[in-house]
Structure formats: C-alpha cells, structure tokens
Amino acid sequence: MERLVVGHLFPDYLNIYADRGNIAVLVRRAAWRGFQLDVQALGADAEIRPGEHDLFYVGGGQDREQALIAPALAALAPALHEAFEGGAAVLAVCGGYQLLGRFYRDQSGEEQPGVGLLPLYTIAGERRMIGDVLLECELEPRERRTLAGFENHAGRTILDEGAEPLGRVVSGFGNDGESGYEGCRAGRAIGTYLHGPLLPRNPWFADWLLAQAIAHRTGTEPELEPLEDALEARAHAVSAERARSRGGKF
Ligand code: GLN
C-alpha cells in the first residue's frame, strides 16, 4: 500500500463536534483506494520537515482551547507555509480555520495570533451563529457541488479583497452572516466553519482532499474510482434538508 502522511495539528485541543471523525473518513476512503494514511499528531514544537506531510488537518475549539495553543501553532507558521508552498493540502475547521488566518479576536477581546496561511482575519461578535448549513461550491471548473454541515461560532471571518471563498451560502450564516459566502480556498488549502463532522456527509469533498494529498505525494492528480456512498448520500440529503428548513436564523 502506498503511504500518505497526515499532520493532525493539536488534536487534543482542537476537536469539537466530532471533528476527529474527518480523519476516520480519510483513513477509510484512502484504504479503499490502496493508500495507507499515516496520521501524525503535531503539537507545540513539532518538527515539520519540508515535503513530509501530504495533508494537514486542524479541527475546531472553544475560545479557551484556541487561546491555549494559538502561540504554539503560530510558531509553526514558517514550516506550514513552506509545506503549503510545496503543494501540501490543508483542511481547517472552525476554530482551526480562524487560526490559519492572520488573527482571531475572541469574545474576551483577546487577539490570538494566527498562522497567516489563509488571507483573512476573524473577530468574535456578540451572538453565536449556530445551525445547519448548506453551501454551493465549485472547486473544479464547471463542477457545481453542495456541502452540508453544522456551524457554531461567534467569530465573523473577513476575507481579504480578491480572496476565494469555499462556497456560496444557500442556507446558514457562513463566514459572517452577511457576505453570503462561507469558508476560504487558497489552492489546496481549505478553511471552513462546517462541523458535523464534515466529511462523512460530503464524500465528494473527502475524495477531493485525498486527491490533493495523492497529487502531492505522487506528482499526478489521481482519478479516484467512485465508491458506493449510498449512506453518505442519505446523510447529505438529511443535513441539506435541515439546513434548508432552518439554517441561518438567530
Ligand atoms: N471559538 C470559536 C468561535 O466561537 C470557534 C468555535 C468552533 O470551533 N466551533 O467562533
């Protein structure tokens, strides 16, 4: 089996709403395509050698957990930037997404340093944005897909001028409850507020991430053969319906 290396950033601090489940999905879907995922937990002072990791993953967390690790995560910025420029893929969810931007000013007014890998910053607002979310995305030209998940955040994320969002909000709050956009995409790096966990109910997106990681490892974009995914499609449909019926309302 060919090996893919995943760097799971601060798994003991940033892991709410079963975000860890995203890793389990990647491990299974990779194995069904003949790849063994070697998942490495990366914490403070982690050694990140250029080219070693094909994918980095970071989950969500409450302001308290974010504050505990933000300086240590920001200290990994040079190595993460080098890995990203080397073509490694990235998935960052909610609190992790916020800390991949330049900073997160939390509900206490504390400014937590970010990695500065994504062109954005975040400022916490009074009211939390909670509920089911449905997005329309186009990660590949002329391939419109939907992403369904769950959001719970006080942070309002502002993308820089010209930055690419992950998708258009069909139902839900998204980055700030106003712009109509959610998440951010910079090449193979994706940041999103979507929990759930996200990947079990959005298998196409799990495969897109896997394909980016395989392309980093092998140098070529793979054609992953589709899997049966009936249960995943059902989970997506239920989640999307919930979002349509009640997403984006305070
Ligand atoms: N603590 C951050 C916020 O409230 C992120 C929350 C999360 O990861 N769900 O916005």
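In the predicted model, a polar side-chain atom of Arg128 lies 3.0 Å from an oxygen atom of the ligand. Gln98 also places a polar side-chain atom 3.0 Å from a ligand oxygen atom. A backbone contact is found at Asn152, where a polar atom is 3.0 Å from a nitrogen atom of the ligand. Taken alone, the ligand exposes 300 Å². The protein buries 99% of that area. The ligand takes up the space of the largest cavity.

Three elements each give two or more residues to the shell around the ligand. These are helix 2 (63-75), helix 4 (95-99) and strand 8. Strand 8 supplies the largest share, with 4 residues. The residues around the ligand number 16. Gly61, Asp63, Gln66, Cys94 and Gly155 come nearest. By class, the shell holds 10 polar, 4 nonpolar and 2 charged residues.

A separate calculation concerned pockets. The largest pocket encloses about 430 Å³ of space. Its lining consists of 14 residues. Glu140, Glu143, Asp207, Trp208 and Ala211 are the closest to the pocket centre. Two or more lining residues come from each of strand 7 (120-140), strand 8 (143-159) and helix 5 (203-218). Helix 5 gives the largest share of this lining, 6 residues. The lining divides into 7 nonpolar, 6 charged and 1 polar residue.

Strand 8 thus appears in two settings. It gives residues to the shell around the ligand, and it also contributes to the lining of the largest pocket. In the ligand shell, the largest share comes from strand 8. In the pocket lining, that place is held by helix 5. The class counts can be set side by side. The ligand shell has 2 charged and 10 polar residues. The pocket lining has 6 charged residues and 1 polar residue.

Two backbone features were noted in loops. The peptide bond from Gly196 to Pro197 is cis, with omega near 5°. Pro197 belongs to the loop between strand 12 (189-192) and helix 5. Helix 5 is also the element with the largest share of the pocket lining. The second feature is at Asp45. Its phi is near 60°, a positive value in a residue other than glycine. Asp45 sits in the loop between strand 2 (35-42) and strand 3 (55-58).

How values were computed
Residues are numbered from 1 along each chain as its sequence is written. This is a predicted model: local features need pLDDT of at least 70, side-chain atom pairs count only at pLDDT 80 or more; totals for chains, interfaces and linings use all residues. Side-chain values use heavy atoms; hydrogens and water are left out. On a 1 Å grid over the protein atoms alone, a cavity is a set of points where a 1.4 Å probe fits but cannot get out, and a pocket is an open set with protein on both sides within 12 Å along at least five of seven lines; lining residues have an atom within 4 Å of a point. Grid points are joined across faces, edges and corners, and a volume is the space filled by probe spheres set on the points. Ala, Val, Leu, Ile, Met, Phe, Trp, Tyr, Cys and Pro count as nonpolar, Asp, Glu, Lys and Arg as charged, and the others, Gly among them, as polar. A residue is near a molecule or strand if one of its heavy atoms lies within 4 Å of it. A polar contact is a pair of N or O atoms within 3.5 Å; within protein, one must be able to donate a hydrogen and the other to accept it, and residues adjacent in sequence count only if both atoms are side-chain atoms. Accessible areas come from the Shrake-Rupley method with a 1.4 Å probe; for residues, only the protein chains shown count as cover. A molecule sits in a cavity or pocket if more than half of its atoms lie within 2 Å of its grid points.
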